[in-house]
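Hi,

Here is the model we talked about, with the sequence alongside. Have a look first, and then read on for what turned up.

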Amino acid sequence: LANRALSQLYGVRMENLIGKTDAELITDPAEAEKFLKDDMQIIETWEEKSIFEQKFTDKKGTVHWLHTVKRPLIGDMGVENILGIATDLTERKILESQLRHAQKLESIGQLAAGIAHEINTPTQYVGDNTRFIRDAFTDINRVLGKYDELFQKAQMGIINPETLNE
């Protein structure tokens, strides 16, 4: 037996699936060998096998990821068939990959924000102190200018009360 989902996955008409093993339908020799080894293990041990992530490349070259459970169907002659139930994990794997990528970008963003903060803090400190010194020197220059004016007037002997108040 075979269902439409398997037919679409393999890219083969349903009637062409009947009587074939996974290994006969897979175009990638390494993947076919892996599927065949799994089947042989089930036939030899008579035990179910769960394959949590199994790579499968379809005829178009698209990679699919499957979670597969294979069970032996035992008859009078031992294991006569293998029942395989597969769940296509491809979309979930793509979403996981996108999530990992987004998390990396988020981490880079946090790192960049931290670096910017570490650069901005001392820069702001220097800028604030520079403005303070500029303002202080402006005030000091104004006072020194008035003292110079007072000194000049004192030398000429014309100090008036207004100049002293300034």
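K55 stands opposite W65 in β2. That pair belongs to the ladder between β1 (residues 49-57) and β2 (residues 63-75), two antiparallel strands joined by seven bridges. Keep in mind that this is a predicted model. The β1-β2 hairpin has five residues between its strands, and G61 takes a positive phi there, near 90 degrees.

On to the next pairing: β2 and β3 are also linked, with ten bridges in the antiparallel sense. Here K70 of β2 has G84 of β3 opposite.

Put together, you get an open sheet of three strands in the order β1-β2-β3, with antiparallel pairing. β1 and β3 (78-88) are the edge strands, each pairing on one side only. From one strand to the next, the twist averages 35 degrees.

Now the helices. α4 (residues 29-45) packs on the sheet and touches β1, β2 and β3, with its direction at about 160 degrees to that of β1. α5 lies across β1, β2 and β3 too, running at about 145 degrees to β2.

One more thing to look at is the surface. F132, I133, F137, I140, V143, L144 and Y147 make up a nonpolar patch there, and their accessible area together is about 740 Å². F132 sits in α5 (residues 90-156). Is F132 buried or exposed? Its relative accessible area is 57%, so F132 counts as exposed, the cut-off being over 50%.

Cheers

Definitions and conventions:
Residues are numbered from 1 along each chain as its sequence is written. This is a predicted model: local features need pLDDT of at least 70, side-chain atom pairs count only at pLDDT 80 or more; totals for chains, interfaces and linings use all residues. Side-chain values use heavy atoms; hydrogens and water are left out. Patches are made of residues with over 30% relative accessible area and no salt bridge: like charges are joined within 9 Å, nonpolar side chains (Val, Leu, Ile, Met, Phe, Trp, Tyr) within 5 Å. Accessible areas come from the Shrake-Rupley method with a 1.4 Å probe; for residues, only the protein chains shown count as cover. A salt bridge is a side-chain nitrogen of Lys or Arg within 4 Å of a carboxyl oxygen of Asp or Glu. Helices (H or I, at least four residues) and strands (E, at least two) are DSSP runs, numbered from the N terminus. Buried means under 20% relative accessible area, exposed over 50%, partly exposed in between (1.4 Å probe, protein chains only). Two strands pair if DSSP finds at least two bridges between them. Axes are lines fitted to C-alpha atoms, for helices over the stretch in contact, and angles run from 0 to 180 degrees between N-to-C directions. Contact means heavy atoms within 4.5 Å.
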